[in-house]
Amino acid sequence: MGCIPSKDSSGGAVTPGGGGADDSAKKKAANKRANLEGEGDDNESQKRQVAFTRRSSNYTRSVKQLVNEGLVLQPEFNGASGTSDRKGVLTKEPLPTTMSGSGRDSMRVQSHDTKSSRGEKMSMEELMQVSDEERSNRRADMKCTFRHLSSYPDLNKMFSETEVKVEDLTWDLDCFRQDRNEQKWQINATLAMFHSLGLLKRYDISTESLVYFLLTVKLNYNDMAFHNWLHAWSVMHASWLMISAPDVGECLTEGDKLAIMLAAVCHDLDHPGVNNDFLAKSKDPLSERYATPILERHHLAMTMDILCDSDQRVKVVHGLDSEKHKELMVMIEEAIMATDMGVHKSICEELQVRAERVAQAAAAGTPLKERSFSRDSFEDRVFLVRSIVHTADLSGQAMPKEVAYKFGAGVLTEFHHQYCKEAQLSLPLSGWMKDLDLALGQAKSQLGFITFVVLPLWASMGTIFTSLKPQVDRVQSRMEEIDFDNLDKWGGFVRGLQPNPYKGGSLDGIIPEPAKDEKESAAASGGGGGGG
């Protein structure tokens, strides 16, 4: 996942000014920024570049100093109007009514059935018995298309778990490489992952059924810059790497591992490339169907549509008895709903408590036998399933540098396009998406995201499970690579994003010049002051 909404405490536009010895340096820096963005002929762009310009001394600070100066903003997780809770959803507005009358467990919807109460949940048994026709009606209400897979001659001959070696599926894998980012390799690699976990044999899953399932899932991802099939596959791969490590895997059952793999590859199904806030304020049909979090509930519904479809070819969970099948569905729901960034804080807080217990025990020379998670505790297993899929969803920055930059570019691109669309539709603008066409705006956003979101999550996971420590180091490296003095050399800079054409005359949201410390004030006292 990429950048996260942040609270912008910035002031209004900064008017360049000054004189004396500082003028030359300011003009030179402004020209450098303009050339960096490739927008030197655009007067509006030049104004914005100058407003963003800072002296070099203001960039070479610690993260804490950068936060205090307003260059890095601590993220907040604000969804649509109303208060979101993972289990019970509270909304300011009445729950929406739909024409289909079908619903999903934990999805607060209003049925036309006079016997059902407002927002009543369906039981798991009812959930599994929703007919194909009801699912089709629901999707029609939301203007959502479910893509069915055409017949293939013989999938057993086209794909095989032996074509890809699991030894090649490491944290160093470049999933963007041309021979890796193609369907046959991805499906074969997935078969190898399932086979290595023993899931095919344990649950009597045929190669043909799993391939049909995976291809159907792939068909129902949209071609977005970030929220696409490749991201879903990468999240599943990261999840597999985590649960394949002995220190993590010993805390989970085989059913938990199956739920993690299925949820990971399905967690962003039919993602439209905009966030929950946009869907709510634009009154998208999805927002009329689901309470918050809108997208995660839609992803879960799409997952159930595929797993529960009457097409026998995609049956991958038929080898379970009713109780284990129900538990699997619960775990899948928990995992997908855990990808809602609205629950990120609560997950991090609980992980931190568990990590501190592990660290204290290790320091005392008595490491916790079960690493703060017990396989015998259903509650522990549920939370670990949620934590693994949520961490895998935020694993882009724990990948090799080139892979991390490409995933980051996808997120920044989606956010920038959403900001432009908000302006085009005259919707309230997401201030934290502003100026993502500029190198400084991108760097500031990414540094805040890594500092306040990714690192705390991965640090706790790395303390509890030592097998993940190398990925924590990679996340820290992504922070150190952002040099505000040399953003033209930063590999994470996404070139080519155009300024918002619908709000080009506005300079609101530009951060003010950071306050000078005493030494800087003394050095500058002989020249003309002013922002810039």
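Visitor: Why does H267 count as buried or exposed in this structure?

Guide: In this predicted model, the relative accessibility of H267 is 0%, and since buried means under 20% relative accessible area, H267 counts as buried. H267 lies in the loop between α12, residues 254-266, and α13, residues 276-281.

Visitor: What makes D268 buried or exposed?

Guide: D268 is found in the loop between α12 and α13, and its relative accessible area is 5%; because the cut-off for buried is under 20%, D268 is buried.

Visitor: How do you know that a polar contact joins the side chains of D268 and H267?

Guide: The value for this pair of side chains is 3.0 Å, and because a polar contact requires N or O atoms within 3.5 Å, the pair qualifies as a polar contact. A polar atom of the H267 side chain also lies 2.7 Å from the backbone oxygen of A264.

Visitor: Which residues are in contact with H267 and with D268, leaving aside neighbours within four places in sequence?

Guide: For H267, the contacts include Y221, H231, H299 and D393, and also A232, V235, I336 and T339. For D268, they are Y221, H227, H231, H299 and D393, where contact means heavy atoms within 4.5 Å.

Visitor: Where does UniProt place the feature "binding site", and what says that its positions cluster in space?

Guide: The unreviewed UniProt entry places that feature at H231, H267, D268 and D393. These positions are spread over 163 residues of sequence, yet the largest C-alpha distance is 10.0 Å, and in that sense they cluster in space.

Notes: Residues are numbered from 1 along each chain as its sequence is written. This is a predicted model: local features need pLDDT of at least 70, side-chain atom pairs count only at pLDDT 80 or more; totals for chains, interfaces and linings use all residues. Side-chain values use heavy atoms; hydrogens and water are left out. UniProt positions are given in the numbering used here, feature names are shortened, and annotations may be inferred rather than shown by experiment. Helices (H or I, at least four residues) and strands (E, at least two) are DSSP runs, numbered from the N terminus. Buried means under 20% relative accessible area, exposed over 50%, partly exposed in between (1.4 Å probe, protein chains only). A polar contact is a pair of N or O atoms within 3.5 Å; within protein, one must be able to donate a hydrogen and the other to accept it, and residues adjacent in sequence count only if both atoms are side-chain atoms.
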